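Let's explore a protein chain together, one question at a time. Have the picture open while you read.

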Amino acid sequence: MAVPQPQPQMSAGTGVEPAARGGRSELGTISIADGVVSKIAARAAAENPDAGAAVARMLGRTVPGAGHLGLRGTDLKTLPKISVDVDGSKAFVNLEISVRWPASVPEVTGQVREHVRDRVRDLTGLDVDEVHIVVADLATDITPLPRVR
């Protein structure tokens with residue numbers, strides 16, 4: 001007699017099945033490179049319209065005119081600076097972002113943290129234990145979106 005197998009749960013936000021768990025399983029090992037998780041986490045962070053890349057910093061100070069020198073500048077459409085450490089089935093994420101003025105920094109960082117955690121879990125199967133966020137800049141002189149007349 002066949003025993004019915006439970007159907008995998010669909011992810012609420014993406015409409016896709018959760019990824020197989022990273023790490024060791026009864027079928028073998030799944031290894032996901034830090035760079036892959038970094039790209040997923042950076043894109044997830046950039047999906048928030050009030051968060052984006054922060055201006056380049058040197059010795060703890062912003063670099064004026066960094067965008068003209070070909071360096072990363074404050075831009076809410078650009079991917080933020082990120083580093084990820086994957087340890088078995090766990091991921092630890094560090095983000096450096098800018099936040100749009102006058103958005104609430106605690107609200108934006110909370111939304112980014114939860115979204116990064118959910119997207120990495122949904123797409124890689126890794127548990128994200130920590131998401132450290134540094135708000136390095138406020139995007140105050142970003143051109144506002146055009147208004148529809």
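Me: About how much area does the chain expose, and what share of it do carbon and sulfur atoms supply?
Reply: The model here is predicted: local features need pLDDT of at least 70, side-chain atom pairs count only at pLDDT 80 or more, and totals for chains, interfaces and linings use all residues. Residues are numbered from 1 along each chain as its sequence is written, and side-chain values use heavy atoms, with hydrogens and water left out. Accessible areas come from the Shrake-Rupley method with a 1.4 Å probe, and for residues only the protein chains shown count as cover. The chain exposes about 9900 Å², and the share from carbon and sulfur atoms is 55%.

Me: Thanks! What percentage of the residues count as buried?
Reply: Buried means under 20% relative accessible area, exposed means over 50%, and partly exposed is in between (1.4 Å probe, protein chains only). One buried residue is Ala 54, with a relative accessible area of 0%. Of the 149 residues in the chain, the buried part comes to 30%.

Me: In what order do the helices and strands run?
Reply: Helices (H or I, at least four residues) and strands (E, at least two) are DSSP runs, numbered from the N terminus. This chain has two helices and eight strands. Starting at the N terminus, the order is β-β-α-β-β-β-β-β-α-β.

Me: Which residue in the turn between β6 and β7 has a positive phi?
Reply: Two strands pair if DSSP finds at least two bridges between them. β6 (residues 81-87) pairs with β7 in the antiparallel sense over seven bridges, and Ile 82 has Leu 95 in β7 as its bridge partner. The two strands form a hairpin with two residues between them, and the residue with a positive phi, about 65°, is Gly 88.

Me: What is the handedness of the unit made by β7, α2 and β8?
Reply: β7 and β8 pair in the parallel sense over 11 bridges. To judge the crossover, let the strands point away from the viewer: it is right-handed if the path from the first strand over the helix to the second runs clockwise. By that test, the β-α-β unit of β7, α2 and β8 is right-handed.

Me: Which residue in β8 is the bridge partner of Phe 92?
Reply: Contact means heavy atoms within 4.5 Å. Leaving aside neighbours within four places in sequence, one residue in contact with Ala 91, Phe 92 and Val 93 is found in β8. That residue is partly exposed, with a relative accessible area of 36%. The bridge partner of Phe 92 is Glu 130.

Me: How many salt bridges are there?
Reply: Side chains of opposite charge can pair when their charged atoms come close. The rule used here asks for a side-chain nitrogen of Lys or Arg within 4 Å of a carboxyl oxygen of Asp or Glu. One of the pairs is Lys 90 with Asp 129, whose closest N and O atoms are 3.4 Å apart. By this rule, the count is five.

Me: How many residues apart in sequence are the parts tied together by Glu 47 and Arg 119?
Reply: Glu 47 forms a salt bridge with Arg 119, and their closest N and O atoms are 3.7 Å apart. Glu 47 lies in the loop between α1 (34-46) and β3 (51-53), while Arg 119 is in helix α2 (residues 105-124), so the separation of the parts they tie together is 72 residues.

Me: Is Arg 117 buried or exposed?
Reply: Arg 117 forms a salt bridge with Glu 114, with the closest N and O atoms 3.2 Å apart. Both lie in helix α2, three residues apart, about one turn of the helix. Glu 114 is partly exposed, at 40% relative accessible area. With a relative accessible area of 19%, Arg 117 is buried.

Me: Which residues make the nonpolar surface patch?
Reply: Patches are made of residues with over 30% relative accessible area and no salt bridge: like charges are joined within 9 Å, nonpolar side chains (Val, Leu, Ile, Met, Phe, Trp, Tyr) within 5 Å. One member is partly exposed at 35% relative accessibility and sits in strand β8 (residues 127-139). The patch covers about 330 Å², and its makers are Trp 101, Val 105, Val 135 and Leu 138.

Me: Where is the cis peptide bond that has omega near 5°?
Reply: Look in the loop between β7 and α2, where Pro 102 lies. The cis bond, with omega near 5°, runs from Trp 101 to Pro 102.
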